[in-house]
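Please read these notes with the model open beside you. They are numbered so that you can take them one at a time.

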Amino acid sequence: MTESYRVAILGATGAVGAELLELLEKRQFPVSELRLLASARSAGQSLNFKGDRVPVHAVDEHSFDGVDIVLASAGASTSRTWASQAVAAGAIVIDNSSAFRMDASVPLVVPEVNPEAVSAHQGIIANPNCTTILMTIAIYPLHQIQPIKRIVAATYQSASGAGARAMEEVKVQAQAILQGQPPKAEIFPYPLAFNLFPHNSKLNEQGYCEEEMKMINETRKIFNEPTLQVTATCVRVPVLRAHSEAINLEFDQPFSVSRAKEILSQAPGVKLVEDWQANYFPMPMDASGQDDVLVGRIRQDLSHPCGLELWLCGDQIRKGAALNAVQIAELLVQKNLLKSTVALSHSVS
Ligand code: A2P
């Protein structure tokens, strides 16, 4: 007999939802029952899972009855509305939104970095912001060898970060421009096709946008380094899927490039991609659909003896969201932190 779990996906019809479905199947997560939830707009649709068509339901107050684990990726306000009800119904919620990430009682987990943090959960576990997940995976192995003193990050973020409709909008904008028509922007504030703009999240009084503050605050929480110096500039670029980041790291002591490469070539969740002869390094097209964060262009910072520069690309929908959430669910199973239903066979409802 296998232990298996009743799983709900809140936001099943979105870009991350589609990836969650694929990963649960591909990684053979033990699902005894799958409940697909979205807004009322999607009620009546059905999605494929293990060869079955599974109906999508509009989320309501009974959606979480009997559910063991909820993978939520439907935005912060939806999570704020439903997460506590799911927990009250007895489920553990792995939440991909920003709603609870900085809540002191909510673990913020990247399984390759701070897996031990899951054990302290009180019903909700937060999946970090995508750019933060991708960055922390790549730099934590170096931080473990020699503490990082300061991080300066610049991001090049794809449309996928704003969801499936945003990806579609960029394609439509590109077609319009190629046909000599003015591009329309509805999801994004400005046309993104053949353009870029600083990340459009809300700005604070210091001039940092929310996305930049997420990188700063979440990295500190995940590393358990409340005073780590981090700064970031986040930019939306006309790439459909997979984010890129230029990272400058400052250490207390010089960190040799060869040692950094050796460490990162063995780091979990990281793939070193460097061909200096061919000038070939990570690209978002190569990172799309990949589990690993691609890291390359590791070089000495010429402006600082204790500085390193690196470049990375990672699939925002996969490792930056869905894969990280499924890995957290797997951690809960490994650590025996989920109540299970014993099922003889897979069933869907
Ligand atoms: P729906 O497709 O019914 O709008 P993405 O990030 O790719 O845009 O996906 C967002 C996901 O969150 C979709 O599945 C979407 O469902 C879901 N969602 C958005 N708003 C709500 C809501 N108020 N209640 C439930 N699900 C929601």
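A residue is called buried when its relative accessible area is under 20%, exposed when that area is over 50%, and partly exposed in between, using a 1.4 Å probe and protein chains only.

1. **Ground rules.** This is a predicted model, in which local features need pLDDT of at least 70 and side-chain atom pairs count only at pLDDT 80 or more, while totals for chains, interfaces and linings use all residues. Residues are numbered from 1 along each chain as its sequence is written, and side-chain values use heavy atoms, with hydrogens and water left out.

2. **Confidence.** pLDDT is the predictor's confidence in each residue, from 0 to 100. The protein averages 96. A score of at least 70 is reached by 97% of the residues. Residues 342–349 are another matter: pLDDT stays under 50 there. The model still gives that stretch 22 contacts beyond four places in sequence. A contact means heavy atoms within 4.5 Å.

3. **Two positive phi angles.** Most residues other than glycine have a negative phi. Asn279 has a positive one, near 55°. Asn279 sits in the loop between strand S12 (270–272) and helix H7 (284–287). Helices (H or I, at least four residues) and strands (E, at least two) are DSSP runs, numbered from the N terminus. Is Asn279 buried or exposed? It counts as exposed, because its relative accessibility is 60%. Arg297 also has a positive phi, near 55°. Arg297 belongs to strand S13 (residues 293–300) and is partly exposed, at 33%.

4. **Salt bridges.** Side chains of opposite charge can pair when their charged atoms come close. A salt bridge here is a side-chain nitrogen of Lys or Arg within 4 Å of a carboxyl oxygen of Asp or Glu. The count comes to 16. Which residues form a network of them? Glu19, Glu22, Lys26, Arg241, Asp291, Asp315 and Arg318 are linked in this way.

5. **Helix H8 to helix H1.** Look at Arg318 and Glu22. Their closest N and O atoms are 3.1 Å apart in a salt bridge. Arg318 lies in helix H8 (residues 318–334) and Glu22 in helix H1 (residues 15–26), so the pair ties together parts 296 residues apart in sequence. Arg318 is buried, at 4% relative accessibility. Glu22 is partly exposed, at 39%.

6. **A salt bridge from H8 to a loop.** Glu330 and Arg27 meet in a salt bridge at 2.8 Å, N to O. Glu330 is in helix H8, and Arg27 is in the loop between H1 and strand S2 (31–38). They are 303 residues apart along the chain. Glu330 is buried, with a relative accessible area of 18%. Arg27 is partly exposed, with 30%.

7. **Strand to strand.** Glu250 forms a salt bridge with Lys149, with the closest N and O atoms 3.5 Å apart. The pair links strand S11 (residues 243–251), home of Glu250, to strand S8 (residues 148–157), home of Lys149. The two residues are 101 places apart. Glu250 counts as buried, at 15%. Lys149 is partly exposed, at 35%.

8. **A buried charge without a partner.** Lys and Arg count as positive and Asp and Glu as negative; His and the chain ends are not counted. Glu212, in helix H5 (residues 210–223), is buried yet has no salt bridge. How far away is the nearest side chain of opposite charge? That side chain belongs to Arg236, 11 Å away. A polar atom of the Glu212 side chain does lie 2.9 Å from the backbone nitrogen of Cys209. Glu212 also touches Gly207, Ala232, Thr233 and Cys234, leaving aside residues up to four places away in sequence.

9. **Cysteines.** How many disulfides does the structure hold? Zero. A disulfide is a pair of cysteine sulfur atoms within 2.5 Å. For Cys130, the nearest cysteine sulfur is that of Cys234, 8.8 Å away. Cys130 is buried, at 10% relative accessibility. For Cys313, the nearest cysteine sulfur is that of Cys130, 13 Å away. Cys313 is buried too, at 0%.

10. **A pair to find.** Ala164 is in helix H4 (residues 164–178). Ala164 is partly exposed, at 37%. The C-alpha atoms of Ala164 and Val16 are separated by 8.3 Å, with their places 148 residues apart along the chain.

Notes:
Polar contact = N/O pair within 3.5 Å; in protein donor to acceptor, adjacent residues only side chain to side chain.
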